[in-house]
Amino acid sequence: MNAAAQREEAVFYAALKVTDPGQRAAFLEQACAGDTGLRANVEELLASQPDVEDFFAEGGAALKMIVGDASVPAGLAAPTRLGEEEIGSRIGRYKLLQKIGEGGCGVVYMAEQQEPVRRRVALKIIKLGMDTKNVIARFEAERQALALMDHLNIARVLDGGATHTGRPYFVMELVRGIRITDYCDQNHLDTRQRLDLFIQICHAIQHAHQKGIIHRDIKPSNILITLHDGVPVPKVIDFGIAKATEGPLTDKTLFTAYEQFIGTPAYMSPEQAELSGLDIDTRSDIYSLGVLLYELLTGRTPFDAKQLVQSGLDEMRRTIREREPQRPSTMVTTLQHAELVITAQRRHAEPPKLILTLKGDLDWIVMKALEKDRVRRYQTANGLAMDVQRYLNNEPVVARPPSRFYRFRKLVRRNRVVFAAAGAVAVALLAGLCICSWLLVRERQAYRRAVQAEQEQARLRLAAESARRQAETRERIAHAIMLVGQERVAEADKLIAEVSPTQPSFECAAVLRSVGSWHALRDEWEPAAQRLGALLDANVNDAWDDSSLDFLRAGVALVESGRTQDYQWFREKALSRFRDTSNPVSAERIVKIALLFPADEKGTAPLDTLAKTANKPFSGLIDNVEDESFRAAWRAVSMALLDYRRANYAGSLDWCRQCLAFSDYNAPRIATARILRAMACFQLHQTAEANAELAQGRNLVEGKFKAGLDVGAAAQGFWFDWVFARILLREATGLIGESPAPLPVGSPAASHPGGE
Amino acid sequence: MSDITQVLQAVGRGEGRASEDLLPLVYEELRRLAAARMAHEMAGQTLQATALVHEAWLRLVGDGDRTWQNRGHFFAAASEAMRRILIENARRKSRLKHGGGQVRLDISDLELADTTPDDKVLLINEALDRLEAKDPEAARIVVLKFFGGLTNQEVAQSLAIGERTVDRQWAYAKAWLFRSIRSELQKP
């Protein structure tokens with residue numbers, strides 16, 4: 001705004017506040033000070049003031065009336081609707097081709113992937129209310145497991161990421177199909193055909209469960225039917241997505257959760273309805289499969305989705321958790337006549353026949369899958385499939401408590417010919433009875449086999465659970481990494497402490513390293529030793545060079561925590577793991593940490609090999625001179641320690657001198673070298689030198705710990721380099737005694753780089 | 001933590017683009033809120049822009065320990081979003097009233113006295129673009145006050161300026177807009 005306009009605004013506003021016309025004129029006279037243009041403008045503005053107020057009031061009133069008009073056409077010049085992206089735009093490697101669906105939690109597009117292979121995929125963008133970072137971390141954690149799934153009836157999840165607006169998305173194999181319930185109804189599949197499809201779905205879910213993946217959102221819209229050469233093939237989609245998009249439920253996220261909840265409350269297991277989110281296992285999927293079966297058979301879900309939603313959140317939970325649903329056959333009989341006829345027609349049956357089909361075994365199978373207590377459900381998807389198959393084969397099902405009459409009926413049905421013969425030839429009655437009892441025996445065996453199979457399934461479930469626990473561990477680690485990134489180390493520590501047994505992974509190692517060091521810096525040596533000890537199992541896939549540093553961390557933490565008996569174990573572990581290393585840097589570090597305490601001959605045989613490796617040239621490993629001298633200086637410390645432990649004190653002194661001759665200044669290294677030299681001198685009865693060196697070493701070490709230990713860096717020395725020096729200082733003090741008259745901190749000897 | 005919160009935190013860290021990112025999020029939420037509220041209320045009842053904006057804020061961010069800095073950014077984005085929604089509606093209704101078919105309201109055909117309330121909204125919106133070119137801060141205040149329905153106090157906190165400044169700029173901006181509209185309509 002220019003100066004003139006500013007002045008106009010100021011004068012106008014001031015004049016506006018003067019209501020008396022006479023006073024206002026006087027004010028304008030004075031304020032405009034002869035500027036007639038300004039005065040005319042302001043007076044014009046003031047004059048139209050009543051019109052202005054009316055104009056804006058009317059406009060404002062119009063706004064109130066139209067806000068609520070919900071039939072707003074989307075688009076126009078407006079920004080893209082939330083979660084919707086423009087067709088033709090790119091998300092990562094994918095180009096959006098067309099929108100193919102919209103669900104409770106996202107919008108699905110057909111998209112084209114251009115590299116590494118050109119193919120069409122389904123891309124699902126998750127709607128508002130999701131914490132993108134967590135969703136993606138959880139997805140990444142599941143990713144490995146998802147990749148393991150390879151099943152004809154499972155649509156693979158290929159990729160995941162975030163759009164430029166920070167919305168999570170998932171990429172899946174594109175399935176061109178319609179939802180299973182629609183397919184069955186449109187094609188009038190009879191009950192048997194429906195059950196065949198259902199069995200295939202169970203097998204797909206079982207496959208996933210064995211890989212440790214729980215679907216968590218099984219419902220008709222996630223099971224599509226595609227035709228392969230005219231044969232319907234069910235495809236389960238969205239595996240892993242429910243898990244990734246499901247966060248810990250708090251009051252804040254409850255609303256979002258509720259929204260998602262509304263999508264599928266009819267398919268939600270009682271334990272999911274708890275909304276605790278904690279206690280969900282493969283058997284939740286079994287429940288949802290039970291609901292699916294219910295709907296395939298009767299056209300209805302056990303509880304009406306609309307009624308559930310209308311009853312409110314608490315009532316909905318109570319219903320799902322407590323109310324016994326009607327048996328499928330009962331449900332069908334309660335339908336209005338017209339609906340019953342349609343339902344039956346869609347199943348290629350007359351109403352009475354449909355009811356008869358459902359009554360008995362199918363009722364029992366469905367009800368067993370829908371048990372509120374998951375312990376009483378089928379323990380695996382396979383178990384459920386097998387029972388359905390038994391029904392189709394006219395074999396006794398596990399779901400039903402056995403009774404003599406029940407088994408006999410089964411027997412008759414399956415051996416109609418035999419019984420017909422027995423009935424027709426009355427003479428053969430006796431023979432028939434014999435056959436009958438023989439068959440009954442067989443029948444009993446069949447039932448026993450079925451029960452055994454069911455128990456076998458329970459064992460399989462345990463295996464699947466363990467796979468799931470591994471997936472959960474991965475998730476925890478991903479979460480912990482995020483926490484460490486946000487410097488919420490205490491929380492990360494709590495998470496990682498519950499993870500056991502440790503699986504080797506780069507991520508897990510990173511977290512353990514962080515939290516272990518964090519404890520160390522807080523002087524909490526017991527937890528530090530625990531985390532860093534676990535690190536030695538977690539880092540086995542890391543590069544040699546990195547993992548040898550971890551041994552330095554863990555070694556000093558172990559000693560500081562007072563678990564000296566574990567040190568022996570630690571030393572063996574270090575030596576056996578690095579026995580064959582070809583990396584001189586790793587070898588030098590392992591020599592050093594393995595000799596932090598004196599060792600007997602037996603335990604230290606690999607040290608010769610390692611020492612030889614440590615003395616190899618660094619060629620190829622290090623490409624600049626500074627680094628090389630830095631490494632060589634550390635190597636000299638290790639060799640000095642090795643010679644000292646082998647009572648070659650002259651050799652040790654020689655190495656110490658070499659170490660201190662290097663020009664770069666690394667305080668803990670110099671301190672270590674001085675302490676070693678003090679001990680070697682003492683052994684050679686050079687008491688004066690020993691005392692002097694020890695004093696210098698002590699000054700450095702005590703000065704550092706007084707100033708406060710920090711994580712440090714390679715060049716200045718890490719925290720564990722200092723702790724290493726402190727441990728040696730204790731040994732030296734024990735050997736030589738408190739050195740007389742320590743030099744003051746900051747004396748030339750203590751601060752001069754390079755010593756000598 | 002919602003996306004909104006993340007974007008707001010990005011704003012707080014001074015990351016660019018965050019304000020733009022906020023707009024579509026708020027936009028959709030406001031539309032949804034308006035639609036949902038309308039579905040539950042009797043026909044003829046009015047909805048206040050302010051109420052919607054405030055409700056969107058509470059819903060998306062919660063009433064916790066958010067700083068005014070974030071809230072300010074939110075209100076700015078929400079008001080701009082409201083503006084777009086309202087203008088869309090007004091255009092549509094105005095088109096219907098003027099016989100439909102026209103893609104855009106033709107200002108030169110109107111006399112100031114003949115304008116419907118919806119036309120007024122559109123005229124203000126167009127004049128606002130002219131004000132924006134001349135005095136962006138005044139234009140922001142108009143968006144917050146007129147389309148966002150905020151009080152002077154809220155605008156002041158939103159833009160980190162004094163309440164009196166808000167009052168002064170709002171009064172002058174209204175007068176300026178009106179003058180601008182009138183002169184546009186009087187053009188031959």
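Visitor: Is Arg179(A) buried, partly exposed or exposed?
Guide: Welcome, and please keep in mind that this is a predicted model. The relative accessibility of Arg179(A) is 37%. A residue has to be under 20% to be buried and over 50% to be exposed, with partly exposed in between, so Arg179(A) counts as partly exposed.

Visitor: With which residue does the side chain of Arg179(A) meet in a salt bridge?
Guide: Side chains of opposite charge can pair when their charged atoms come close. For Arg179(A), the N to O distance in the salt bridge is 3.8 Å, and the cut-off is 4 Å. The partner is partly exposed, at 34% relative accessibility. That partner is Asp182(A).

Visitor: How many residues apart are Asp550(A) and Arg513(A)?
Guide: These two side chains meet in a salt bridge, with 2.8 Å from N to O. Asp550(A) sits in helix α25 (residues 544-560) of chain A and Arg513(A) in helix α23 (residues 506-521) of chain A, so the pair links distant parts of the chain. Their separation is 37 residues.

Visitor: What is the relative accessible area of Asp550(A)?
Guide: Its salt-bridge partner Arg513(A) counts as buried at 18% relative accessibility, because the limit for that class is under 20%. Asp550(A) is buried too, and the value for Asp550(A) is 0%.

Visitor: Which helix holds Glu693(A), the partner of Arg677(A)?
Guide: Arg677(A) and Glu693(A) form a salt bridge whose closest N and O atoms are 2.9 Å apart. Arg677(A) lies in helix α31 (residues 667-683) of chain A, and the pair ties together parts that are 16 residues apart in sequence. Arg677(A) is buried at 11%, and Glu693(A) is buried at 10%. The helix that holds Glu693(A) is α32 (residues 687-707) of chain A.

Visitor: How many salt bridges are found in the whole structure?
Guide: Some are joined in a network, which links Glu29(A), Arg39(A) and Glu43(A). Over all chains, the number of salt bridges found is 42.

Visitor: How far is the sulfur of Cys659(A) from that of Cys656(A)?
Guide: The search of the whole structure finds zero disulfides. For Cys656(A), the nearest cysteine sulfur is that of Cys659(A), and a disulfide would need the two sulfur atoms within 2.5 Å. Cys656(A) is buried at 1% relative accessible area and Cys659(A) is buried at 2%. The distance to the sulfur of Cys659(A) is 7.0 Å.

Visitor: What span should helix α30 of chain A have at 1.5 Å a residue?
Guide: Helix α30 (residues 649-661) of chain A has 13 residues, and its buried ones include Leu653(A), Cys656(A) and Cys659(A). The expected span is 1.5 Å times one less than the number of residues. The end C-alpha atoms are 18 Å apart, which agrees with the expected 18 Å.

Visitor: How many residues of α31(A) are buried?
Guide: From its first C-alpha to its last, α31(A) reaches 24 Å, close to the 24 Å expected. His685(A), with a positive phi near 65 degrees, follows this helix. α31(A) is mostly covered, and out of 17 residues the buried number is 15.

Visitor: Which element gives the most to the lining of the second largest cavity?
Guide: This cavity holds about 40 Å³ of space, and its lining includes Glu9(A), Lys134(B) and Trp176(B). The lining divides into five nonpolar, one polar and three charged residues. Two elements give two or more residues, α5 (117-134) and α8 (163-186) of chain B. With four residues, the element that gives the most is α8(B).

Visitor: What is the phi of Ala160(B)?
Guide: Most residues other than glycine have a negative phi, and most peptide bonds are trans. Ala160(B), which lies in the loop between α7 (152-159) and α8 of chain B, is exposed at 68% relative accessibility. Ala160(B) is not a glycine, yet its phi is positive, at about 55 degrees.

Visitor: Where is Asp523(A) found?
Guide: Asp523(A) is not a glycine either, and has a positive phi of about 65 degrees. With a relative accessible area of 54%, Asp523(A) is exposed, because the limit for that class is over 50%. Asp523(A) is found in the loop between α23 and α24 (525-538) of chain A.

Definitions and conventions. Residues numbered from 1 in each chain as written. Chains lettered and ligands numbered in written order. Predicted model: local features only at pLDDT ≥ 70, side-chain atom pairs only at ≥ 80, totals over all residues. Heavy atoms only, no water. Buried < 20%, exposed > 50% of the residue type's maximum accessible area, 1.4 Å probe, protein only. 1 Å grid on protein atoms, 1.4 Å probe; cavity = no way out; pocket = protein on both sides within 12 Å on 5 of 7 lines; lining within 4 Å. Points joined across faces, edges and corners; volume = space filled by probe spheres on them. Nonpolar A, V, L, I, M, F, W, Y, C, P; charged D, E, K, R; others polar.
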